[in-house]
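Biologist: I have not looked at this one before. Can you walk me through it?
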Amino acid sequence: MHSVDELADLGSLQVLSNPLRQRILRILQREGEATSTTLAAELGVTTGGTSYNLRVLAEHGFVEEVPGRTGGRERWWRSTRRSLRFPRHSAQDEEMRAVLEELNQQWFAEDLTAFAAFERARPELGEWGDALPYSRGRIVLTLDELATFFDDYLALLNRYADREPPAGARAVTTRFIAFPEVPTE
């Protein structure tokens with residue numbers, strides 16, 4: 001089930017901004033569960049490196065051990081569903097802004113890479129090759145209305161994320177971005 005929104009702190013953002021931890025989280029979100037050994041093999045790093053980073057992610061609530069599956073030296077891990085909100089830009093200090101800028105650059109680069117991979121694979125995806133709902137829009141809102149609009153979007157997203165997927169379903173990447181228009185020239 002979807003967790004309650006929480007305001008991200010600097011420590012959580014620093015944990016997330018580590019590229020190896022981002023890769024670990026992507027694998028766990030894709031595969032569901034893994035050991036540090038299987039993660040290390042897929043990532044091309046040492047088991048000690050994945051074990052350490054899994055513990056750091058667990059300390060901040062991003063992953064957890066799989067109940068009933070961990071025994072002896074073998075520990076199975078899975079990602080958790082945390083709903084983090086970033087502090088308003090005006091409430092961020094310089095250090096937080098720098099970490100968020102780095103994190104956003106990583107995420108945008110990852111999104112562009114994922115979209116390019118989709119475009120290359122599109123001819124082989126069958127009906128899923130047509131699965132590219134796309135919308136560009138412009139709306140006029142107050143700050144409060146924009147906050148409500150975003151909350152409504154998250155509620156819709158979570159309605160589909162918090163369910164058992166039906167047969168034939170597959171993971172679909174979704175992104176939302178909204179920002180005020182400013183003169184570009």
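Modeller: One definition to start with: an axis here is a line fitted to C-alpha atoms, for a helix over the stretch in contact, and angles run from 0 to 180 degrees between N-to-C directions. Also, this is a predicted model.

Biologist: Fine. How many helices and strands are in the protein chain?
Modeller: The protein chain has six helices and five strands. Starting at the N terminus, the order is β-α-α-β-α-α-β-β-β-α-α.

Biologist: And what box do the C-alpha atoms fill?
Modeller: Along the principal axes, the box is roughly 60 × 45 × 35 Å.

Biologist: Let's use that axis definition. At what angle do helix 2 and helix 3 cross?
Modeller: Helix 3 covers residues 36-43, and its axis crosses that of helix 2 at roughly 115°, with the two coming within 11 Å. That angle makes helix 2 roughly perpendicular to helix 3. The crossing is right-handed.

Biologist: Which residues meet there?
Modeller: From helix 2, L20, R23, I24, I27, L28 and R30; from helix 3, L39, E42 and L43. Sorted by class, this contact has six nonpolar and three charged residues, and no polar ones.

Biologist: What about helix 2 and helix 4, how do their axes cross?
Modeller: Helix 4 is residues 47-59; the axes come within 10 Å and cross at roughly 80°. Helix 2 and helix 4 are therefore roughly perpendicular to each other.

Biologist: Which residues make that one?
Modeller: L20, R21, I24, L25 and L28 of helix 2 meet T50, Y52, N53, L54, V56 and L57 of helix 4. The classes in the contact of helix 2 with helix 4 are eight nonpolar, two polar and one charged.

Biologist: Now helix 5. How does helix 2 cross it?
Modeller: Helix 2, residues 19-31, and helix 5, residues 94-121, have axes that come within 11 Å and cross at roughly 45°. That makes helix 2 oblique to helix 5. The crossing of these two helices is right-handed.

Biologist: Who makes the contact?
Modeller: On helix 2 it is P19, Q22 and R26, and on helix 5 it is L103, Q106, W107 and E110. Three of the residues in the contact of helix 2 with helix 5 are nonpolar, two polar and two charged.

Biologist: Changing topic: how many aromatic pairs does a search of the whole structure find?
Modeller: The search finds six. One of them is F86 with W107, which is stacked, at 6.1 Å centre to centre and 15° between the planes. This pair links distant parts of the chain, 21 residues apart: F86 lies in the loop between strand 5 (83-85) and helix 5, and W107 lies in helix 5. W107 is also one of the helix 5 residues in the contact with helix 2.

Biologist: On to the strands. What is the strand order in the open sheet?
Modeller: The open sheet has three strands in the order 2-4-3, with antiparallel pairing. Strand 2 and strand 3 stand at the edges with a single partner strand each, so one side of each has no neighbour in the sheet.

Biologist: How many bridges join strand 2 to strand 4?
Modeller: Two bridges join strand 2, residues 34-35, to strand 4, residues 76-79. A34 is opposite W77 of strand 4.

Biologist: And how many between strand 3 and strand 4?
Modeller: Strand 3, residues 63-65, pairs with strand 4 over three bridges. W77 comes up again, as the bridge partner of E65.

Biologist: Which strands does helix 2 touch where it packs on the sheet?
Modeller: Helix 2 touches strand 2, strand 3 and strand 4, and its direction makes about 90° with that of strand 4.

Key. Residues numbered from 1 in each chain as written. Predicted model: local features only at pLDDT ≥ 70, side-chain atom pairs only at ≥ 80, totals over all residues. Heavy atoms only, no water. Helix = DSSP H or I, 4+ residues; strand = E, 2+ residues; numbered from the N terminus. Parallel < 35°, antiparallel > 145°, perpendicular 65-115°, else oblique. Left-handed = near helix turned anticlockwise from the far one by under 90°. Contact = heavy atoms within 4.5 Å. Nonpolar A, V, L, I, M, F, W, Y, C, P; charged D, E, K, R; others polar. Pairing = 2+ DSSP bridges. Phe/Tyr/Trp six-rings, centres within 6.5 Å; stacked < 30°, edge-to-face > 60°.
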